[in-house]
Amino acid sequence: MKKLSRKHKIALIELALVLLIALYFFAPRPFSLAMGSGFDREQVTQIQVDLTNYSGDGQPGRTLRLDPADQGAQELLDRLEDKWYFPYYVEGDSRQITLDYAIQLTFSQPEGTYGYSLTGDRAIDMDAPARSRSYQVSGSEEFQRSLLDFLLQQEYTIQE
């Protein structure tokens, strides 16, 4: 068996570094890591759901506040955790609204709040106290539609 030359060893190390960097930037993440460091499902004190109506039917937007002990809050978190989040690098902050509603989820924790926004567009925006990033999920359109349908079935605490 031939020994690798120093040149080849350096090339293999460089290749490994490039693969690690690519993995860091493009590998899928579970929900808690995508939300940002410090996010912990067990530390959530409240979830606020703001639905802004863009259907043009004249219906007002809706707001829902969920207590983490509620069945609806647990099911919402389960749905979000069932997906893997792939980093989505896009230019600009404008999103197409392909659902009838823009959905903004705000997770309150003792250390701060975390945001989760979707509009039916491919990108899902996540805001943590220290950073904001966009992600996408497989089957994004169906996932977002099912999430909206689930939220519309919940009892609303505030009507705008």
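These exercises walk through a predicted model, one region at a time.

**Exercise 1. Which residues of helix H3 are buried, and on which side of H3 do they lie?**

Solution.
- Start with the helix itself. H3 covers residues 71-81.
- List its buried residues. They are Gly-72, Ala-73, Leu-76, Leu-77 and Leu-80.
- Look down the axis. These residues cover an arc of only 135 degrees, which puts them on the same side of H3.
- Recall the helix geometry. An α-helix has 3.6 residues a turn, so residues three or four places apart point the same way.
- Find the partners. The buried residues of H3 pack against helices H2 (31-35) and H4 (140-152). They also pack against strands E1 (46-53), E2 (62-66), E4 (101-109) and E5 (112-118).

**Exercise 2. Are H3 and H4 roughly parallel or antiparallel to each other?**

Solution.
- Take the axes. They come within 11 Å and cross at roughly 180 degrees.
- Apply the cut-off. Angles over 145 degrees count as roughly antiparallel. H3 and H4 are therefore roughly antiparallel to each other.
- Name the residues in contact. H3 brings Gly-72, Glu-75, Leu-76, Arg-79 and Leu-80. H4 brings Phe-143, Ser-146, Leu-147, Phe-150 and Leu-151.
- Sort them by class. The contact has 6 nonpolar, 2 polar and 2 charged residues.

**Exercise 3. Which residues touch the most other members of the largest nonpolar core?**

Solution.
- Take the whole core. It has 33 residues.
- Pick out the residues that touch the most other members. They are Leu-80, Tyr-85, Phe-107 and Tyr-116.
- Trace the elements. H2, E1, E2, H3, E4, E5, strand E6 (124-127) and H4 each give two or more residues to this core.
- Find the largest share. H4 supplies it, with 5 residues.
- Zoom in on Phe-107. Leave aside its neighbours within four places in sequence. Its contacts then include Phe-31, Met-35, Leu-77, Leu-80 and Tyr-116.

**Exercise 4. Where does Gln-153 lie, and is Gln-153 buried or exposed? Ask likewise for Gly-58: where is its place, and is Gly-58 buried or exposed?**

Solution.
- Place Gln-153. It sits in the loop between H4 and strand E8 (158-159).
- Check its surface. The relative accessible area of Gln-153 is 64%. Exposed means over 50%, so Gln-153 is exposed.
- Add a distance. Gln-153 and Pro-28 are 125 residues apart in sequence. Their C-alpha atoms are 30 Å apart in space.
- Place Gly-58. It sits in the loop between E1 and E2.
- Check again. Gly-58 has a relative accessible area of 70% and is exposed.
- Add a second distance. Gly-58 and Gln-104 are 46 residues apart along the chain, and 20 Å separates their C-alpha atoms.

Terms used:
Residues are numbered from 1 along each chain as its sequence is written. This is a predicted model: local features need pLDDT of at least 70, side-chain atom pairs count only at pLDDT 80 or more; totals for chains, interfaces and linings use all residues. Side-chain values use heavy atoms; hydrogens and water are left out. Buried means under 20% relative accessible area, exposed over 50%, partly exposed in between (1.4 Å probe, protein chains only). Helices (H or I, at least four residues) and strands (E, at least two) are DSSP runs, numbered from the N terminus. The arc is that of the directions from the helix axis to the C-beta atoms. Contact means heavy atoms within 4.5 Å. Axes are lines fitted to C-alpha atoms, for helices over the stretch in contact, and angles run from 0 to 180 degrees between N-to-C directions. Angles under 35 degrees count as roughly parallel, over 145 as roughly antiparallel, 65 to 115 as roughly perpendicular and the rest as oblique. Ala, Val, Leu, Ile, Met, Phe, Trp, Tyr, Cys and Pro count as nonpolar, Asp, Glu, Lys and Arg as charged, and the others, Gly among them, as polar. A nonpolar core is a set of buried Ala, Val, Leu, Ile, Met, Phe, Trp, Tyr and Cys residues joined through side-chain atoms within 4.5 Å.
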